[in-house]
Amino acid sequence: MQDKQINGFSKKSKPGKLDWVTGVFCENPAEAQAEFSSFWHPDERLQKIIDGFSENTISNFVLPYGIAPNFLINGKTYAVPMVIEESSVVAAASSAAKYWMDRGGFHVQVRDTVKLGQVHFLWSGEAARLRAVFPQMEQQLRTDAAYLTANMEKRGGGITGIELLDLSAQEPQLFQLKASFETCDSMGANFINSVLEEFASSLERFVENCAELPENERRVEVVMAILSNYTPDCLVSAWVECPVDALGDPGKAEEGRDMAERFRRAVRIAQIDPWRATTHNKGIMNGIDAVVLATANDFRAVEACAHTYAARDGQYRSLSDCRIENGIFHFRLDIPLALGSVGGLTKLHPLAARSLEILGHPSAEELMMITAAVGLAQNFAAVRSLVTTGIQKGHMRMHLMNILNHIGAAEAEVEAAAAHFADQTVSFSAVRDFIDQLRAVQPA
Ligand code: MEV
């Protein structure tokens with residue numbers, strides 16, 4: 001067995017890395033190498049682009065890319081690309097989209113697109129003295145960062161505000177510059193971080209040369225400069241509404257009323273109980289993440305922000321809410337989504353560019369709206385299943401199809417299995433036994 005430690009792994013060629021990893025960690029290195037390399041893109045130019053997204057790459061990890069059609073959002077119809085590995089998610093989103101298309105579609109509004117960044121620093125003087133020189137300091141910060149902001153300003157964005165916060169009561173000598181930014185159609189992470197790092201050096205220079213401060217206070221120690229992924233102002237609201245009588249099948253008003261009340265109660269449970277809220281919000285993120293991934297946005301940033309927002313009043317709660325008023329069912333989702341439709345990987349990743357093409361080259365705001373609508377649709381589909389048939393019915397059908405695929409069932413066998421398992425519990429052994437019995441009677 002070779003040594004599991006290595007120096008200079010990153011310096012090895014890609015085949016060299018693959019050779020080392022499979023040789024040391026895989027039972028059958030030749031088979032593992034063949035499998036990993038079978039996922040390399042045949043077009044070397046494209047593979048080079050993909051490898052450029054990360055480091056130490058040995059292969060590509062493939063996820064299914066699906067489409068949820070029939071999303072009527074603010075009167076416009078979209079077919080939404082979704083990248084996700086969980087079965088039933090795209091089917092559920094599609095079914096909810098179709099359902100609401102017949103009931104007025106999704107309504108969506110972007111509240112704002114403000115993004116935030118912070119420079120934390122230590123300073124030993126009186127907060128009031130720093131506050132007194134802050135107007136000049138702010139001017140200096142803006143001037144020093146002008147070379148970075150000029151292009152963004154031409155596009156209508158830039159720095160929209162800088163505040164000085166005194167945090168010294170929580171941590172000795174700690175202060176913060178809190179800056180807000182408009183980054184137009186880009187997510188803007190690189191732009192914001194570059195500006196913040198410039199602020200950090202500008203702040204040091206300003207304090208060092210500030211004649212209004214006593215000499216022994218002309219020094220700051222920068223702790224860190226980085227954007228905040230908590231962007232509560234990038235808020236998108238998506239909602240659906242219809243008379244409760246129209247929630248059920250046509251002519252079944254009673255069914256609609258019953259479903260409305262069950263649904264409202266289920267959402268209420270997710271408002272009051274963090275355990276349920278976590279699963280409820282996970283269902284929302286099934287849809288959100290799938291669109292975020294398909295458009296090569298940063299799903300970790302979106303997740304982190306969503307969950308902080310869900311806990312904004314001190315308790316973790318549902319991101320969606322449901323009301324029944326005067327016979328009208330209202331279901332809404334409020335979620336901050338800092339997304340971009342230009343820059344980053346959105347153009348570099350060939351399939352992200354295709355996703356944006358399928359969505360009609362949306363602005364960042366439009367992409368935020370589409371994504372929020374999908375989150376709401378996903379949540380609607382999950383909660384509707386939970387309060388009616390239960391979630392396993394739909395899941396089990398997909399599970400059954402996956403098992404049938406795995407054991408290479410023929411079309412007639414798939415049909416027979418689908419009919420048989422409509423009211424039977426699906427398990428791998430039950431499906432295999434059923435197909436074996438079928439083949440014993442009628443050899444494939
Ligand atoms: C499964 O991925 C998501 C659900 O658990 C969401 C929910 O319970 O609301 C079905």
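**The ligand and its surroundings**

In this predicted model, the ligand is surrounded by Glu86, Arg276, Thr279, His280, Lys282, Gly283, Asn286, Ala382, Leu386 and Ile391. A residue belongs to this group if one of its heavy atoms lies within 4 Å of the ligand. Sorted by chemical character, the shell holds 3 nonpolar, 4 polar and 3 charged residues.

Some of these residues can be followed down to single atoms. In the side chain of glutamate 86, a polar atom is 2.6 Å from an oxygen atom of the ligand. For arginine 276, the distance between an N or O atom of the side chain and a ligand oxygen is 2.7 Å. Lysine 282 also has a side-chain N or O atom placed beside an oxygen atom of the ligand, here at 2.6 Å. The ligand on its own would expose 300 Å², and the protein buries 86% of that area.

The space that the ligand takes up is the second largest pocket. Two elements give two or more residues each to the shell around it: α9, which runs over 274-294, and α13, which runs over 364-387. Of the elements, α9 gives the most, with 6 residues.

Now step back to the whole protein. The domain assignment divides it into four parts: domain 1 covers 1-62, domain 2 is made of 85-112 and 232-388, domain 3 covers 115-228, and domain 4 covers 395-441. Domain 2 is thus written as two stretches of the chain, 85-112 + 232-388. The centres of domain 3 and domain 4, taken over C-alpha atoms, are separated by 63 Å.

Terms used
Residues are numbered from 1 along each chain as its sequence is written. This is a predicted model: local features need pLDDT of at least 70, side-chain atom pairs count only at pLDDT 80 or more; totals for chains, interfaces and linings use all residues. Side-chain values use heavy atoms; hydrogens and water are left out. Domain bounds come from an automatic or database domain assignment. A polar contact is a pair of N or O atoms within 3.5 Å; within protein, one must be able to donate a hydrogen and the other to accept it, and residues adjacent in sequence count only if both atoms are side-chain atoms. Accessible areas come from the Shrake-Rupley method with a 1.4 Å probe; for residues, only the protein chains shown count as cover. On a 1 Å grid over the protein atoms alone, a cavity is a set of points where a 1.4 Å probe fits but cannot get out, and a pocket is an open set with protein on both sides within 12 Å along at least five of seven lines; lining residues have an atom within 4 Å of a point. A molecule sits in a cavity or pocket if more than half of its atoms lie within 2 Å of its grid points. Helices (H or I, at least four residues) and strands (E, at least two) are DSSP runs, numbered from the N terminus. Ala, Val, Leu, Ile, Met, Phe, Trp, Tyr, Cys and Pro count as nonpolar, Asp, Glu, Lys and Arg as charged, and the others, Gly among them, as polar.
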